[in-house]
Amino acid sequence: MCAIAGLVSLDAPPDVRPILDAIRHRGPDGLGTHRDGACEIGAARLAIVDPEHGAQPMRDPLSQTAVAFNGEIYNADELRRVLIARGHRFATRCDTEVVLRGFLEWGFDLPAHLSGMYAIAVLESGRLTLIRDPLGIKPLRYAQHGARFAFASEAKALLRWFGPPSLDETALADFIAIGYPTGRHTFFAGISTLPPGHLLTVNWGQGLHVAEPRPYQLRTPPPQPLLCEDEAELAFVDALLAATNSHLQADTEVVAVLSGGIDSAMLACTAAELSGRRLRTFTVADTADHPDAVAAARVARAIGADHTLLTFGFDDYLAAIPATIAAVEAPDLHAGPFFHLLCRVIGGRAKACLNGEGADETLGGYYDPAGTIATLTDGARRATAVGLTPSDRACAIRDGLLEASAKGAAGVRATLDISLQDLLERAQLDPVDHLSMAAGVEMRVPYLDPAVQAVVRRVAPGEIVDTSLGITKRLLRRAAVRRHGAHLLDSALRAKMMMPHASGGHAARFARACDHAVPDDALRRSRFGAGFASKTDFVLFELFRRIHLDGGGAAVKIDDVFAEIAGSSRAAASAVAQAAAS
């Protein structure tokens with residue numbers, strides 16, 4: 001797991017170090033660069049597999065091809081055996097070398113052989129190739145300016161590379177309309193994201209040429225014959241067991257998040273069953289008696305985990321908000337300050353962690369047709385009110401979700417297919433990656449393993465979401481109880497609580513502080529004020545603007561933003577004090 005970056009420069013010698021330095025938090029264990037003519041690539045490494053011998057970029061002496069790689073390849077051992085049989089020789093056990101040898105063997109067909117999460121940069125003589133995993137678990141941003149092209153694991157590394165950053169208003173329009181940017185848009189004008197399941201090539205033999213990203217895999221695979229109920233459950237459990245086992249492979253300890261819900265509980269039980277050591281688990285909540293904390297502790301006791309409950313006060317929550325916005329590069333607290341604080345603690349004790357991300361999108365945890373219709377209708381209204389036009393892709397997503405939601409049970413499959421695209425990548429995977437990697441933690445997501453995904457696509461929609469009884473994640477709940485019995489019965493029966501709910505008390509206090517500190521006319525004075533659903537959303541946008549566009553970084557304080565908006569530091573302090581006391 002690493003930060004990767006690169007620079008093609010035709011008007012000056014390329015120097016990738018300043019770009020890498022901006023995201024060194026992703027790879028504290030080592031830094032390396034490799035230059036070939038007009039291009040230099042580099043990586044800052046978080047050493048998890050073969051820590052002693054996996055320095056990057058990794059180069060083949062014969063072809064001079066070099067690779068910088070961010071991610072984990074879970075079938076690396078299998079691919080290594082295949083490549084050895086084809087004549088390749090390996091000097092390390094690191095999966096980066098598998099990626100390098102695999103590209104030499106299969107070229108652009110490499111992704112068809114990989115099972116894992118990855119962002120890959122391959123430097124050959126006169127050509128740079130960028131490749132991103134099919135679901136977008138690992139991020140990859142890029143930008144072009146004149147005779148220069150740059151890429152990096154995070155946009156913040158590129159923000160001031162071309163000059164002062166500015167807002168991408170289409171990304172903001174999408175965010176207001178449907179809750180996240182879509183396609184290649186980021187919140188920063190001129191900085192794009194390589195779409196999941198795509199590769200991009202850059203050539204400079206006769207001037208700089210950046211090709212259009214092209215897909216190497218369909219985002220929605222073709223339909224397969226459906227499994228019956230018992231077959232589906234057995235196949236799902238087998239696939240999750242295999243995926244969890246592969247995700248536990250590391251030369252350092254792999255720990256797990258226990259959120260209190262069925263997703264992480266099933267994962268922890270499976271990991272405890274497979275692991276050769278006592279599993280360490282972590283939970284975060286605002287109080288020890290929060291329902292999530294209580295449920296997580298019950299599961300931890302049942303599996304004999306070494307469990308840590310983290311609780312944080314309101315001051316900790318407030319202080320973590322700017323750091324969260326700085327990490328996720330968006331005016332959004334979807335993953336939340338508590339997840340930032342949780343990752344900081346985990347990062348002090350481990351480098352790799354299992355996480356239940358993706359289970360909701362895969363297994364229908366967010367299925368709420370009435371709520372979807374209301375949210376999207378309101379978002380479209382607010383985007384129109386502020387005079388912003390969402391992208392064609394955002395409009396298509398909105399229309400598709402509205403149509404599927406109106407169909408009830410007949411629209412479940414379409415809803416799941418849409419949720420596994422931009423929503424999963426931009427609203428879930430990106431913030432989880434950025435917050436965890438800001439703390440030097442690799443989050444592993446077994447529910448998004450290709451084998452698990454392949455099984456779920458063969459499950460009848462009614463086995464995933466029972467619309468007649470209002471049961472979401474039906475397959476997972478049933479499989480959890482049948483395999484682990486009383487250990488997971490409570491988790492299987494509990495109503496869904498999203499990760500931010502653990503900080504619900506503090507989030508409500510923050511909302512009250514925003515309501516007190518922000519005058520009503522502040523939104524009217526702001527160009528984008530009419531686009532925000534609440535004063536809290538307006539404050540988060542102002543934080544984002546000061547941190548990323550004005551260059552304040554994580555040093556920006558929430559009190560200072562309140563004071564500027566309110567026009568008085570005393571009024572801002574009073575608003576925070578009232579909220580904290582309530």
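Two strands count as paired if DSSP finds at least two bridges between them. Keep that in mind for the first exercise, and remember that the model here is predicted.

**Exercise 1: lay out the sheet**

Work out the strand order of the open six-strand sheet, and find which strands sit at its edges.

Solution:
- Step 1. Walk across the sheet and you get β2-β3-β1-β9-β8-β10, with antiparallel pairing.
- Step 2. Look for strands that pair on one side only: these are β2 (31–36) and β10 (192–193), the edge strands.
- Step 3. Zoom in on one pair. Strand β1 (residues 2–9) and strand β3 (residues 39–45) run antiparallel and are joined by seven bridges.
- Step 4. For a register check, Gly6 stands opposite Ile41 in β3.

**Exercise 2: describe a helix pair**

Characterise how α11 and α12 cross, and list the residues that meet there.

Solution:
- Step 1. Start with the geometry: the axes of α11 (residues 369–385) and α12 (residues 392–406) come within 9 Å, crossing at roughly 150 degrees.
- Step 2. Add the hand, which is left-handed for this crossing.
- Step 3. Now the residues. From α11 come Pro369, Thr372, Ile373, Leu376 and Ala380, and they meet Arg398, Leu401, Leu402, Ser405 and Ala406 of α12.
- Step 4. Sort them by class, and the contact has seven nonpolar, two polar and one charged residues.

**Exercise 3: buried or exposed?**

Decide whether Arg398 and Gln249 are buried, partly exposed or exposed.

Solution:
- Step 1. The cut-offs are under 20% relative accessible area for buried and over 50% for exposed, with partly exposed in between.
- Step 2. Arg398, in helix α12, has a relative accessible area of 18%, so this residue is buried.
- Step 3. Beyond residues up to four places away in sequence, Arg398 touches Ile178, Leu376 and Ala380.
- Step 4. Gln249 lies in the loop between α5 (229–247) and β14 (254–257). Its relative accessibility is 47%, so Gln249 is partly exposed.
- Step 5. A bonus on distance: the C-alpha atoms of Gln249 and Val49 are 8.4 Å apart, though 200 residues separate the two along the chain.

**Exercise 4: map the cores**

Which residues touch the most other members of the largest nonpolar core, and which helix gives the core its largest share?

Solution:
- Step 1. The core has 90 residues, and Ile19, Ile321 and Phe510 touch the most other members.
- Step 2. Helix α8 (residues 314–328) supplies the largest share, nine residues.
- Step 3. Follow Ile321: leaving out neighbours within four places in sequence, Ile321 contacts Leu333, Pro337, Phe510, Leu540 and Leu543.
- Step 4. Don't stop there, as a second, separate core of 49 residues includes Ile48, Ala256, Ala300 and Ile303.

Conventions:
Residues numbered from 1 in each chain as written. Predicted model: local features only at pLDDT ≥ 70, side-chain atom pairs only at ≥ 80, totals over all residues. Heavy atoms only, no water. Axes fitted to C-alpha atoms, helices over the stretch in contact; angles between N-to-C directions. Helix = DSSP H or I, 4+ residues; strand = E, 2+ residues; numbered from the N terminus. Left-handed = near helix turned anticlockwise from the far one by under 90°. Contact = heavy atoms within 4.5 Å. Nonpolar A, V, L, I, M, F, W, Y, C, P; charged D, E, K, R; others polar. Core = buried A, V, L, I, M, F, W, Y, C linked by side-chain atoms within 4.5 Å. Buried < 20%, exposed > 50% of the residue type's maximum accessible area, 1.4 Å probe, protein only.
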